[in-house]
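Me: I'd like a close look at a single part here, namely chain A. Walk me through its helices, its odd backbone spots and the side that faces chain C, and spell out your cut-offs as you go.

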Amino acid sequence: MAAVDMPIVSGHAADAHGDPHAMYLKAKKGWASWVWTLDHKRIGLMYLTMVSLAFLVGGVFALLVRLELFTRGRTIMDAETYNRFFTLHGSVMVFLFIIPSVPAALGNFFLPIMIGAKDVAFPRLNMLSFYIYLLGLTIILTSLVMGAVDTGWTFYTPYSVQTANSVISMTMGVFVLGFSSILTGVNFLVTVHTMRAPGCTWNRMPLFVWGMYATALIQILATPVLAITLLLLATERFFGIGIFDPKLGGDPVLFQHFFWFYSHPAVYIMIVPGMAITSELIATFSRRAIFGHFAIAMSSIALAVLGFLVWGHHLFVAGMSEFATMLFSALTFLVAIPSGVKVFNWTATMYKGSILWASPMLYAMAFIFLFTIGGLTGLFLGTLSVDVHLTDTYFVVAHFHYVMMGGTVIAFLGGLLYWWPKMTGKMHDERKAKIGFWFVFVGFNTVFIPQFIMGSRGMPRRYYDYLPQFQPFHQASTIGSWILAIGLFTTAYTLLEALWRGKKAPRNPWGSAGYEWMTDTPPPLANYHTSPVFTRGPYDYHLATPEELSTGWDEVEAPAQGKK
Amino acid sequence: MSNVIEPAQPASHDDHDGHSGAHPHFLQHHFDTPAQQFEAAKLGMWVFIATEILMFGGLFCAYAIWRGMDPAIFDQAHHFLNKKMGASNTVVLLFSSLTAALAVRSAQRGKRNETTAYLIVTIVCAFAFLVIKYFEYTHKFHLGLLPGHCFGHPWFSGAIQNGQEVGSCLRIHADAPAGSPEWVRAIDESGNLQVLPPRANMFFGIYFCMTGLHAVHVIIGMSILTWVLIKNIKGQFSKEYFTHVDLGALYWHLVDLVWIYLFPLLYLVGKPE
Amino acid sequence: MNEPNEPPTFQLPEQMSTVAGDIDWLYYFIYWLSVVLFVAIVGTMIYWAIKYRERKGHKAEPTGHNLPLEVAWTVAPIFILAFLFHKGFQGYMDMAIAPANAIEIHVNAKQWAWEFVYPNGGSSAELHVPVHRPVKLVMGSTDVLHSFYVPALRVKRDVVPGMYSSVWFEATHVGHDDIFCAEYCGGRSTGPSGELPYEPSDDPRNPYPPGQATGHWAMHSMSFVETPEDYEKFLKSIGDKCDQYLTQGKPCPADIAAEQGLRLYGAKGCLACHTTTGAPGIGPTWKGIWAKKESTNVGQVTVDENYVRESILDPQAKIVTGFGPVMPTFRGQISDAEIGELTAYIRSLK
């Protein structure tokens with residue numbers, strides 16, 4: 001790539017942060033350089049480490065919950081412990097893992113690079129965001145030690161006001177985490193508005209960035225409502241304000257409205273980044289621009305907006321008026337359209353492409369497979385009369401795991417495998433990655449398809465024990481969880497192994513036309529050696545030069561092609 | 001076929017003394033121009049203000065819902081709020097918003113001492129607000145107009161109900177069955193003995209939540225302005241660079257604006273008497 | 001639609017109510033629609049992933065545009081979704097409004113058991129209903145959220161403390177099904193001396209024996225749909241309140257709750273302010289007010305069980321126009337059962 005010796009435009013503070021041309025992991029050394037770092041890439045890696053640990057903790061809770069459900073009666077734990085474990089599984093996974101995951105780890109790392117910027121708009125705020133995350137994590141751990149919570153991650157009143165557990169510390173931990181999410185959103189929004197490099201018009205902006213932008217919108221507008229909801233719950237518990245307590249004149253259903261006003265948009269904070277990654281993967285591994293680029297970009301914004309209008313579909317049997325239920329059902333169907341548009345566009349992108357069956361692409365195709373199931377099962381739940389039968393059963397549990405895990409987590413894993421060489425400079429072992437993928441894919445379906453069936457047959461959720469007719473489904477589901485766990489551990493091992501045994505990665509191992517692949521692998525501290533000007537789109541394979549697309553595998557062995 | 005990355009045109013940044021040309025000392029390394037940095041900072045603050053509005057929005061929503069369900073309570077309970085103190089607080093905050101705006105203007109004109117003066121006045125006003133609030137709150141506690149479980153238990157003046165001494169509010173909380181079954185009798189701000197139905201605790205719950213959260217933001221705003229004041233005294237601002245003053249004042253205007261809504265909704269609405 | 005007597009399918013339980021047929025039809029419509037869409041999308045994806053796989057001599061073609069196609073697949077789903085919405089809403093409205101001649105059974109939910117109170121005042125832990133008669137359940141909770149769920153009847157409704165919620169159904173054939181609580185409501189598995197024993201039984205009627213760890217999952221009961229004769233027999237077996245009449249040689253009143261309500265009318269002192277003759281007193285008369293739309297100081301209210309309860313516990317909340325705010329509260333002086341009996345009495349005063 002033609003490099004011109006032109007120093008980066010910088011103020012004199014640049015030297016305090018290291019040589020802008022040095023590789024970002026080498027620019028400064030020592031643990032202090034990590035603790036006080038302002039580099040979005042390092043912050044992204046620190047987030048990645050923490051959310052991975054959170055995923056491990058949440059996953060262990062899940063495995064234990066499923067183990068308890070393997071047989072009727074008491075299997076490994078008593079009911080109170082079970083109630084705490086499923087609550088912790090949900091809370092840890094939602095607040096400590098999935099909401100920060102893609103934006104804070106991958107978004108932090110790649111958003112500035114993808115728009116040709118040197119960093120995010122507010123690097124110190126970014127660091128603060130990370131430390132607030134750590135503070136929230138600590139408060140939640142305190143809650144765990146003090147007896148944890150057994151309300152379900154949704155903290156419904158009046159039970160959450162009455163139960164003798166550490167609800168206040170748990171909710172205050174989540175409150176603190178909310179600020180981390182908000183500040184990330186503020187940072188991303190301002191960065192995209194004010195720091196795009198010349199030539200990076202809105203039309204040329206990568207779809208991953210569009211996804212991060214839409215997610216930032218939701219984070220900014222929805223999370224404050226969660227903050228006030230949890231504050232009100234805490235004051236209710238501590239002072240007995242009475243806002244949710246019927247004995248004091250309050251309304252328990254009001255809590256549900258407040259809670260879901262945030263938590264429904266929150267699920268779009270979870271899925272839109274996953275969709276954003278999928279766009280990148282499909283384009284790169286089909287060697288083709290995404291079909292309907294504008295529609296995909298706009299559908300992310302549409303999901304962000306429409307996502308605020310459908311919270312009532314969590315309350316169809318809770319006690320809303322018929323008028324309200326009708327309205328929410330209609331709006332819920334409306335919000336299905338942008339998701340459908342994306343799935344059609346991704347599939348169409350593969351038409352007459354040149355498809356590389358590398359491990360990230362396997363995950364991208366799995367995303368389409370699993371998210372389609374998740375989305376279609378949402379149709380059952382949006383249909384009022386059918387929802388009456390299915391709500392609060394395992395059908396709902398299976399639905400949201402298909403979209404959150406089969407969607408976001410699958411995309412996250414694909415994104416990790418895709419961008420691992422970029423972030424670390426090392427290539428992972430593709431064969432192990434693919435083996436891990438198949439265990440994940442098969443395991444995941446084995447866990448959750450039986451749950452659809454037992455749900456529609458009447459098995460309610462959050463049950464410590466069950467009637468005999470549901471046992472075969474529960475056992476199949478638990479066995480699936482072990483297969484899934486093997487796959488996840490294999491994938492984690494593959495990624496970690498690459499760090500010490502992986503081959504040095506070429507600049508562009510996948511031959512992508514994306515902007516982030518045009519700079520060094522791994523990137524220099526200031527992301528680019530020269531201030532970039534973008535002269536083509538990130539998916540313009542017909543405009544990119546052969547040199548830009550060269551994978552460099554001619555000189556090195558090509559694990560991407562499955563050769564050893 | 002074009003490269004995606006082209007080198008930027010050489011800018012006039014040959015000097016690296018850091019204090020002139022395109023390299024002012026306050027320009028952060030990841031921004032290209034001071035204008036870009038200022039725009040980003042301003043946009044960031046406005047976006048953050050949007051989040052604060054949404055957070056208070058939840059409380060205003062709760063207010064609207066309860067007012068809709070129980071207008072009678074709201075009609076009566078406002079008599080227990082001291083309108084004089086509330087109005088004084090409004091005047092204090094409005095005045096402080098003026099001085100905050102004037103501080104920005106002096107900073108814009110590079111007048112350091114003037115800026116310092118205006119910032120100090122603003123902070124003093126904020127402190128005055130909190131003092132008035134302290135008196136309001138303690139008077140309510142004295143009357144037993146506490147939120148929730150504590151409603152009806154005069155905290156400071158030794159709780160007596162139905163001729164029996166009742167324990168402290170927080171001890172009661174642990175084994176209290178439900179709200180206050182008895183009528184609460186209290187003297188309102190005009191000196192009249194008023195009888196409040198048990199559900200009046202809801203009004204006071206909302207009152208304390210909203211004004212309490214607002215007071216927390218007043219403290220946050222004061223801290224921000226104090227920090228800005230210190231930076232100003234140290235001479236870190238100039239005509240070209242006064243972002244902190246601008247954004248600090250912007251935040252303060254939000255704090256004032258929330259109170260402008262709180263005051264009439266809590267203190268002024270309801271049946272006159 | 002006629003009322004089919006479908007046995008359970010792989011995905012859905014037996015159809016035991018009048019609405020189950022429509023709901024199941026809609027469920028399977030969505031199911032097959034989903035199967036078709038899924039096979040189309042995923043099938044195409046896999047087909048193209050194989051057909052256009054990267055290999056020597058094969059190059060990707062630049063992406064074109066096809067606006068008509070994009071518009072088509074954005075607009076066409078709207079019609080299908082509108083159909084689903086319409087059918088779902090229709091079905092939901094059918095389930096929302098109980099017929100006027102429905103038998104009313106009261107449901108008290110508490111941690112962790114169901115109590116069903118029948119028109120004759122008797123109560124049982126199980127639900128018995130006659131076949132081919134609409135039944136309306138008026139439900140309340142005394143502690144936390146619960147949810148009444150009977151899969152075979154396709155009914156589910158949250159039970160919220162502080163208000164009454166209701167659900168209705170008409171059973172189509174004799175049989176039984178489980179009643180589950182479908183809203184998490186906690187549990188207890190430790191007693192004073194540590195962990196409580198827990199051993200579920202295989203008795204479908206009583207899978208969770210008492211005295212053990214219990215909670216949300218164990219809030220189980222059974223719903224029995226019976227012939228009218230068997231239903232009457234059941235009512236007699238629980239109608240202990242009839243005894244006080246039978247021992248005096250009087251017949252058991254048809255509406256025993258209302259009879260009790262009449263007794264309370266005097267015992268609680270309501271008669272001091274409310275007449276049952278139609279003439280207003282210090283308070284409004286009770287004659288003919290049931291289901292009436294009254295204007296109050298806060299707008300119009302319908303006189304239903306929620307308003308009666310509120311007026312007894314919180315009389316200043318909504319005062320009928322023309323009357324003063326003088327009614328005292330009975331909070332702490334009246335039980336939920338007695339409120340129900342007074343409600344039944346007011347309702348009987350046509």
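Reply: What follows goes through chain A piece by piece.

First, the ground rules: this is a predicted model, where local features need pLDDT of at least 70 and side-chain atom pairs count only at pLDDT 80 or more, while totals for chains, interfaces and linings use all residues. Residues are numbered from 1 along each chain as its sequence is written, and chains are lettered from A and ligands numbered from 1 in the order in which they are written.

Let's start with helix H9 (252-286) of chain A. Helices here are DSSP runs of H or I with at least four residues, numbered from the N terminus. H9(A) is 35 residues from end to end, and its first and last C-alpha atoms sit 51 Å apart. That is close to the 51 Å expected at 1.5 Å a residue, where the expected span is 1.5 Å times one less than the number of residues. Even so, H9(A) has a bend of about 30° at Trp260(A); a bend is the angle between axes fitted to the seven residues ending at a position and the seven starting there. As for cover, 33 of the 35 residues of H9(A) are buried. To count as buried, a residue needs 20 or more other C-beta atoms within 10 Å of its own, with the C-beta atoms placed from the backbone. Just past the end of H9(A) comes Arg287(A), with a positive phi near 55°.

Helix H14 of chain A, residues 394-424, bends too: by about 45° at Tyr418(A), with a proline, Pro421(A), following within four residues. H14(A) is mostly covered as well, with 28 of its 31 residues buried. The residue that follows H14(A) also has a positive phi: Gly425(A), near 75°.

Now for a residue to zoom in on, Phe208(A), which belongs to helix H8 of chain A, spanning residues 207-239. Phe208(A) counts as buried because 28 C-beta neighbours fall inside 10 Å. What does Phe208(A) touch, leaving aside its neighbours within four places in sequence? Its contacts are Phe110(A), Met114(A), Ala276(A), Ile277(A), Ser279(A) and Glu280(A), a contact being two C-beta atoms, placed from the backbone, within 7 Å of each other. Helix H4 of chain A covers 79-114 and H9(A) covers 252-286, if you want to place those partners. For a longer ruler, try Phe208(A) and Lys118(A): they are 90 residues apart along the chain, and their C-alpha atoms are separated by 17 Å.

The stretch to flag for backbone checks is the loop between H5 (123-145) and H6 of chain A, which holds Pro158(A). The peptide bond leading from Thr157(A) into Pro158(A) is cis, with omega near -5°. Phe155(A) sits in that H5-H6 loop as well, and its phi is positive, about 50°, although it is not a glycine. Phe155(A) has 23 C-beta neighbours inside 10 Å, so it counts as buried. Ala148(A) is another resident of the loop between H5 and H6. Its phi is near 60°, a positive value in a residue other than glycine. Ala148(A) is buried too, because 22 C-beta neighbours lie inside 10 Å.

Last, the side that faces chain C. In total, 78 residues of chain A are in contact with 75 residues of chain C. Seen from chain A, the elements giving two or more residues to that side are H4 (79-114), H6 (159-162), H9 (252-286), H11 (322-349), H12 (359-382), H13 (384-390) and H15 (430-456). H11(A) gives the most, at 14 residues. Sorted by class, this side of chain A has 42 nonpolar, 23 polar and 13 charged residues. The classes put Ala, Val, Leu, Ile, Met, Phe, Trp, Tyr, Cys and Pro under nonpolar and Asp, Glu, Lys and Arg under charged, and the others, Gly among them, count as polar. So if you want one helix to tie the tour together, go back to H9(A): mostly buried, bent at Trp260(A), and one of the elements on the side that touches chain C.

Key
A residue is buried if 20 or more other C-beta atoms lie within 10 Å of its own, exposed if 12 or fewer, and partly exposed in between; C-beta atoms are placed from the backbone.
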